[in-house]
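Reader: Please explain the terms applied to this model, setting each value against its definition.

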Amino acid sequence: MDFSSTRYEYPRALNALVAALARLPGIGRRSAERLALALLDWSPEAHADVGARIARLRSDVKTCSVCGNLSDDTRCGICADPRRDPHAVCVVETATQIPVIERCGGFHGRYHVLGGRLVPLDNKGPADLRIDALRCRLDEEAIAELILATSPDVEGEATAIYLMHEFRGHP
């Protein structure tokens, strides 16, 4: 018998889970297979717990009404912390950049999440970002320092340059 042309396939349910997990950022097909196979060893209770957490994720994780950071409540822990310097605001593209800056331990101000960056080729312009919310914060809060922490690529630099021109000379 010639088995060289026979190709093994996982069961449909497992293949579907592998495909779903592979859609996560940074997870390739092989990593998705390892995760799916590991999940086969979990108890039904553990599956139910993870499933319930995933189902509640969008309702349980909120956006901070002040800065746009991820939060458990209407205000994130950074905005609610009276020890943070309210006069310094670090502008980031996404909330995922905040923990990276926080781990460095050198910045003790607050943040403003733009919700992306300018990408003209994808029709993402200033109206698609939280620039108006930043303008309101600058008008209403005593912000003395605006730190632009956008990505060091073409779109991130373009976003930083746009913000510099937009808020140059702003009180």
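Author: The following exchange takes up two helix pairs and three single residues.

Author: This is a predicted model, in which local features need pLDDT of at least 70 and side-chain atom pairs count only at pLDDT 80 or more, while totals for chains, interfaces and linings use all residues. Residues are numbered from 1 along each chain as its sequence is written, and side-chain values use heavy atoms, with hydrogens and water left out.

Reader: What makes Glu93 count as buried or exposed?

Author: Buried means under 20% relative accessible area, exposed over 50%, and partly exposed in between (1.4 Å probe, protein chains only). Glu93 has 5% relative accessibility, and therefore counts as buried.

Reader: Where is Glu93 placed, and which residues does Glu93 touch?

Author: Glu93 is in the loop between strand S3 (88-92) and helix H5 (97-104); helices (H or I, at least four residues) and strands (E, at least two) are DSSP runs, numbered from the N terminus. Leaving aside residues up to four places away in sequence, Glu93 touches Val113, Leu114, Gly115, Gly116, Arg117, Thr150, Ser151 and Gly156, where contact means heavy atoms within 4.5 Å.

Reader: How do you know on which side of H1 the buried residues lie?

Author: In helix H1 (residues 12-22), the buried residues are Leu14, Asn15, Val18 and Leu21. They cover an arc of only 125 degrees around the axis, so they are on the same side of H1; the arc is that of the directions from the helix axis to the C-beta atoms. The exposed residues Arg12 and Ala13 are carried by the face of H1 turned away from its buried side. Helix H2 (29-39) is included in what covers the buried residues of H1.

Reader: Why is H1 called oblique to H2?

Author: The axes of H1 and H2 come within 8 Å and cross at roughly 125 degrees. Axes are lines fitted to C-alpha atoms, for helices over the stretch in contact, and angles run from 0 to 180 degrees between N-to-C directions. Angles under 35 degrees count as roughly parallel, over 145 as roughly antiparallel, 65 to 115 as roughly perpendicular and the rest as oblique. The crossing angle therefore makes H1 oblique to H2.

Reader: Which residues of H1 and H2 make the contact, and what is its make-up by class?

Author: From H1 come Leu14, Asn15, Leu17, Val18, Ala19, Leu21 and Ala22, and from H2 come Arg29, Ala32, Glu33, Leu35, Ala36, Leu37 and Leu39. The contact has eleven nonpolar, one polar and two charged residues; Ala, Val, Leu, Ile, Met, Phe, Trp, Tyr, Cys and Pro count as nonpolar, Asp, Glu, Lys and Arg as charged, and the others, Gly among them, as polar.

Reader: What makes Leu39 partly exposed?

Author: Leu39, which lies in helix H2, has a relative accessible area of 22%, and is therefore partly exposed. Leu39 touches Leu17, Leu21 and His47, not counting residues up to four places away in sequence.

Reader: What makes H6 oblique to H7?

Author: Helix H6 (residues 131-140) and helix H7 (residues 154-167) pack at an angle of about 40 degrees, with their axes 12 Å apart. That angle makes H6 oblique to H7. Ile131, Leu134, Arg135 and Leu138 of H6 meet Tyr162, Leu163, Glu166 and Phe167 of H7.

Reader: Why does Asn123 count as buried or exposed?

Author: Asn123 counts as exposed because its relative accessibility is 69%. Asn123 also has a positive phi of about 55 degrees although it is not a glycine.
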